[in-house]
Amino acid sequence: MPAAKQKKRIAIFGSTGSIGTQALDVIRSHNELFEVEILTAHSNAELLIEQALEFEPNAVLIGDEAKYEMLKTALVSKNIKVFAGEKALEELADFNTYDIMLAAIVGFAGLKPTLKAVSKGKMVALANKETLVVAGDIVMQTALEHRAPIIPVDSEHSAIFQCLVGESRNPIEKIILTASGGPFLGKKPNFLVNVKRDHALQHPNWSMGAKITIDSATLMNKGLEMIEAKWLFNLKPEQVEVVIHQQSVIHSMVQFQDGSIKAQMGLPDMKLPIQYALGFPHRIKNEFPRFSFRKYPNLSFEEPDFKTFRNLGLAIQALKAGGNTACVLNAANEIAVWAFLKNRIGFLDITAVVEKTIEKINFIQKPSLEEYFESDGEARNFAASIIKL
Ligand code: NAD
Ligand code: MG
C-alpha cells in the first residue's frame, strides 16, 4: 500500500463505459489523490486512445484484437504497454502496480479479472454486480482469505455500506433496496408486450449503459441487486426487501434489530458512489450539485408489481435456491437482453427466456468455479436456442 500522501493508483476495467467514464471524471477532478494505472475497453478503441493520451496509464487493453494495431500506433510515442484480447484481462489484473481495481466491465466478462484482483488481496471498487450474482460464494470467500476489501459502487449497495459504517457489532435485521421502477412503472403486460428498444432505453432518473438500462426497465436489475446484497452483506434471502421509490434520492436503507432505520440520500448521480469507493474511508470534497428538500416535497414508497415484472420473482427464486441458479438466471438474461436490444425478441420474452432456461439447466448445489463457467455456457446456449439466434 502507498504511504498516506501517495496517490492511489487506479485500474479501470471497462473505462469506456458509463461507470468507467464517470470514474475518469472523478479522477480528473482529483488528480492530487488519484492516478490511472490501467485502462481496458471492449471495442471502443477511439475513446480508449483519447483516455490513454490524457491519463497516460502504465497499460491499456482492448478486447477486440482487430483494434490492437490502431491502439499501438496511436500510443507509439508514449511509454504505455498495449494489450489485446479478453484473455489478457486477467494478466493485467495480476499486475502489482495498482492499488484499486474499479470493476466496471458489464456482465459475466467481469468475473475473471475481478476474481484475480481479489485473489491478490487488492481493493476492488465493485460496479460489476454480475460477478457476485454468478459466483458470489467463491468471490466473497476468496476476498476473505486474501483480505481483499470489496467496496460497492452500485448506488444501493454503496448506501447500505455507508449506513453500516460504525455498526460492525450491530446485526442487520433487514435491508431495504430502493428501486425507481424504471420507465414502465405502473404499466401492465398489455402495454409491455409492444414495448420497443428505444423506449426501454429511456430511464427516468439514471443515465447508464444499455444492458443495465434494460435490466432496470424489466426490474431484473433490482433482482440482481438483491443477490448482490446477499453476498456483500452476508444476508439471508428474507432479509432483503425491495421498495419502489420513484424519486431515487433515498439510495437504500438498513433496519437494525432495534427497529431503527438508517438511509443514505443524495441526488441520483453515480459519481457520488464511485468517488466514495475510490476515496474510502475518506469523503472527498466536491462541487457536485446538492440535494434540496424544496425540490422534493414528496417522497413516495410503494410495493413492486410482482405480477407484471416477473423477473423480480425469478431473481428471488434464484436468491432462495442458491447453487448455480443465479448464474443460470444471469446468463439467460444477458442473452435475452442482447436479443431484445437487437430487436430479435419482445420485452416480455426476456422473462420467458430466463424462466425456461432456469427450468432446463441442471441444478448444482455447490458449484466449483469451473462448474459456474459450465452452467453459464449451457444457459447461454439454451437461451440462444429458444430465441433461435
Ligand atoms: P457500459 O456498457 O456503459 O460499459 C461497459 C464497459 O465494459 C465498457 O468499457 C466496455 O468496453 C466493457 N466491456 C463490455 N463487454 C466487455 C467484455 N466482454 N470484455 C471486456 N470488457 C467489456 O456499462 P455500465 O453501465 O458502465 O455498467 C458497468 C457495470 O456497472 C455493470 O455491471 C452494471 O450493472 C454496473 N452498474 C452500472 C451503473 C451505471 O450507472 N451505469 C450503476 C450501477 C451498477
Ligand atoms: Mg443500482
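Start with the four strands that make an open sheet, in the order β9-β8-β10-β11, with mixed pairing. The model is predicted. Select the edges next: β9 (240–244) and β11 (261–265) each have a single partner strand, so one side of each has no neighbour in the sheet. From one strand to the next the twist averages 20 degrees.

**Strands β8 and β9**

Select β8, residues 172–179. Five bridges join β8 and β9, and the two strands pair in the parallel sense. For one position to centre on, take T178, which stands opposite V243 in β9.

**Helices on the sheet**

Add helix α7 (residues 155–163), which packs on the sheet and touches β8, β10 (250–256) and β11. The direction of α7 makes about 40 degrees with that of β10. Then add helix α11 (residues 220–233), also packed on the sheet, where its contacts are with β8 and β9. The direction of α11 makes about 150 degrees with that of β8.

**The magnesium ion**

Keep α7 and α11 displayed and select ligand 2, a magnesium ion. Which protein donors does the magnesium ion have? They are D154 (OD), E156 (OE) and E225 (OE), at 2.1 to 2.2 Å from the ion. Along the chain these donors follow the spacing D-x1-E-x68-E. E156 is in helix α7 and E225 in helix α11, so the pair ties together parts 69 residues apart in sequence. Colour by accessibility and check these two side chains: both E156 and E225 are buried.

**Helix α15**

Move to residues 349–360, helix α15. Its twelve residues should span 16 Å at 1.5 Å a residue, and the end C-alpha atoms are 16 Å apart, in agreement. The expected figure takes 1.5 Å times one less than the number of residues. Select I350, T351, V353, V354, T357 and I358, which are the buried residues of α15. Looking down the axis of α15, these buried residues fall within an arc of 160 degrees, so they line one face of the helix. On the other side of α15, E359 and K360 are exposed.

What do the buried residues of α15 pack against? Display α10 (210–218), α11, α13 (310–321), α14 (325–341) and α16 (369–387), which are their packing partners.

**Helix α16**

Follow one of those partners, α16. At 1.5 Å a residue, its 19 residues should span 27 Å; the end C-alpha atoms of α16 are 27 Å apart, which agrees. Buried in α16 are Y372, S375, D376, A379, R380, F382, A383, A384 and I387. The buried residues of α16 pack against α6, α14 and α15. Just after the helix, click on K388: it follows α16 and has a positive phi, near 65 degrees.

**M140 in helix α6**

Finish in α6, residues 130–145, where M140 is placed. Is M140 buried or partly exposed? Its relative accessibility is 22%, so M140 counts as partly exposed; the buried class is under 20%. Show the residues around M140: leaving aside neighbours within four places in sequence, M140 is in contact with L132, I150, W231 and L232. As a last distance to draw, take M140 to F233, C-alpha to C-alpha: 10.0 Å in space, with their positions 93 residues apart in sequence.

Key
Residues numbered from 1 in each chain as written. Chains lettered and ligands numbered in written order. Predicted model: local features only at pLDDT ≥ 70, side-chain atom pairs only at ≥ 80, totals over all residues. Heavy atoms only, no water. Pairing = 2+ DSSP bridges. Axes fitted to C-alpha atoms, helices over the stretch in contact; angles between N-to-C directions. Contact = heavy atoms within 4.5 Å. Buried < 20%, exposed > 50% of the residue type's maximum accessible area, 1.4 Å probe, protein only. Arc of directions from axis to C-beta. Donors = N, O, S within 2.8 Å, 3.2 Å for Na, K, Ca; no water.
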